[in-house]
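Trainee: Could you go through this protein with me, one question at a time, and show how each answer is reached?

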Amino acid sequence: MSGLPSLRAVMLMVIAVLAVTVAAGGLVVILDGDVLKSAQEPVRKQPRPTESRPAPRLDQMVPTAEPVKDFGQGGPGITSTPPRVLAITPSAVPKRTRFALGELTHVQKVIVVDAGAVKVSGTALNLLAVDPAAFRSWTPQPVADQPAVWSALARGELVADTSAMRKFGMILGAMYQVDGGPRLRAAASAGLGLKGVDGLVSADMGKKLGFAPEVAVLLHGKSGKISESAVRKALGKGAQVVMLDAAARTAKTQQGAQQEGQQKQGQQVSVGRPGSYLELYKASATRCPGLSWTVLAAIGQVESSHGRNNGPSSAGALGPMQFMPATWKHYGVDGDGDGKSDIWSPYDAVPGAANYLCANGAGKGGEKLRKAIWFYNHSWDYVNKVMGIAAAYARTYA
């Protein structure tokens, strides 16, 4: 039919339309009935591999970034006076009771703090809510001397006891959703020397969590000398009393017990940041319930080989997770609590990637996850590559 345009003419028209669309700098894709309009970002071409040998394991690779800037340096003036007795009372401890406790033989210091229990995914954690400045000397010397611990508390984060981290499988730097409450970041772990206490939060955070005010009492004095019966008499019925210096009251010599306690107090304090890329990916994935850490690890491998090729790319993407600066402004986070969101820092970039993926539905899994990865870099080949690497990580680190 002579009235219809020729095949050649139709093809030329299609090419012209495509040229105008590309020149406009945008792209519209229809997926399962959804119209998804991309950001004004070009598809980032992935660099060709420069190594023939396998990459190191994620648990052997340590992220690098500037040190966290903390306030409240330790040193002279911060002298540990660890508690010998911990007691929990049914109601707030009145002032007259505090004075009575302070007058007991061998008692040198008394402090009263808030306390409560929270549930994280159904798991109960017993916490004390403290004023960081006032409570600092009540912890073992290595903890008192670590500024990052007290900076974390001041920011409203969780300082967990080392035994609780192991018992509940908690990850340093991970976010934990309190049932019916806020999210808490496990910013540090240390041996607190408080039997039955799983961690510390700030007094302000304790109020948000609805903790009971002034129900936890700690006493300091000569090890093994404070009378348990006198403490119970002063606090009255219903008080739970734990003798934290029980080792000094056994048949062992007091000197031997003190040496044992000093060894326990000398344990390492872990603060601030995950120690490897494996831990970093796992911790960051907790910001997006339902997102597997393996997806973040796969993106990190494709984008920068886990921080070994941080760009800038030909498209202008920056950092270990190759964010475009405009995208980072909206989705970047301060992942390590140093007071800034740094596109170049893996401790910010990896949780920022989790934040961006989650905003696009990655936590829902399935096709939603694939679409979220497509938003990260507008290429279905990229999506397939990431998913393939993620599956490989799941097999390797199962």
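The questions below move from the whole chain to a few chosen residues.

Mentor: Before you begin, keep in mind that this is a predicted model, in which local features need pLDDT of at least 70 and side-chain atom pairs count only at pLDDT 80 or more, while totals for chains, interfaces and linings use all residues. Residues are numbered from 1 along each chain as its sequence is written, and side-chain values use heavy atoms, with hydrogens and water left out.

Trainee: How many helices and strands are there in the protein chain?

Mentor: Helices (H or I, at least four residues) and strands (E, at least two) are taken as DSSP runs and numbered from the N terminus. Counted in this way, the protein chain has twelve strands and 15 helices.

Trainee: What share of the residues in the protein chain is buried?

Mentor: Buried means under 20% relative accessible area, exposed means over 50%, and partly exposed lies in between, with a 1.4 Å probe and protein chains only. The protein chain has 398 residues, and the buried share of them is 44%.

Trainee: Which cysteines does the disulfide join?

Mentor: A disulfide is a pair of cysteine sulfur atoms within 2.5 Å, and a search of the whole structure finds one. It links distant parts of the chain, 70 residues apart, with one partner in the loop between α10 (277-285) and α11 (293-304) and the other in helix α13 (residues 346-359). With an S to S distance of 2.4 Å, the joined residues are Cys-288 and Cys-358.

Trainee: Which of Cys-288 and Cys-358 is buried, and which is partly exposed?

Mentor: Cys-358 has a relative accessibility of 30%, so it counts as partly exposed. A relative accessible area of 1% belongs to the buried partner, Cys-288.

Trainee: Which elements give two or more residues to the largest nonpolar core?

Mentor: A nonpolar core is a set of buried Ala, Val, Leu, Ile, Met, Phe, Trp, Tyr and Cys residues joined through side-chain atoms within 4.5 Å. The largest one has 42 residues, and those with the most contacts inside it include Leu-291, Trp-293 and Val-295. The elements asked for are α10, α11, α13, α14 (366-376) and α15 (380-396).

Trainee: Which residues is Val-295 in contact with, leaving aside its neighbours within four places in sequence?

Mentor: Contact means heavy atoms within 4.5 Å. With those neighbours left aside, the partners of Val-295 are Leu-357, Leu-369, Ile-373, Val-386 and Ala-390.

Trainee: Which backbone oxygen does the side chain of Ser-80 reach?

Mentor: Ser-80 sits in the loop between β2 (34-37) and β3 (85-88), and with 16% relative accessibility Ser-80 counts as buried. Leaving aside neighbours within four places in sequence, Ser-80 is in contact with Ser-137, Thr-139, Pro-140 and Gln-141. At 2.6 Å, its side chain reaches the backbone oxygen of Thr-139.

Trainee: Why do the rings of Tyr-277 and Tyr-281 count as they do, and are they stacked, edge-to-face or tilted?

Mentor: Rings of Phe, Tyr and Trp (its six-membered ring) pair if their centres lie within 6.5 Å, and planes under 30 degrees apart count as stacked, over 60 as edge-to-face and the rest as tilted. The two residues, Tyr-277 and Tyr-281, are four residues apart in helix α10, which means a separation of about one helical turn. Because their ring centres are 5.6 Å apart and their planes are at 35 degrees, the pair is tilted.

Definitions and conventions: A polar contact is a pair of N or O atoms within 3.5 Å; within protein, one must be able to donate a hydrogen and the other to accept it, and residues adjacent in sequence count only if both atoms are side-chain atoms.
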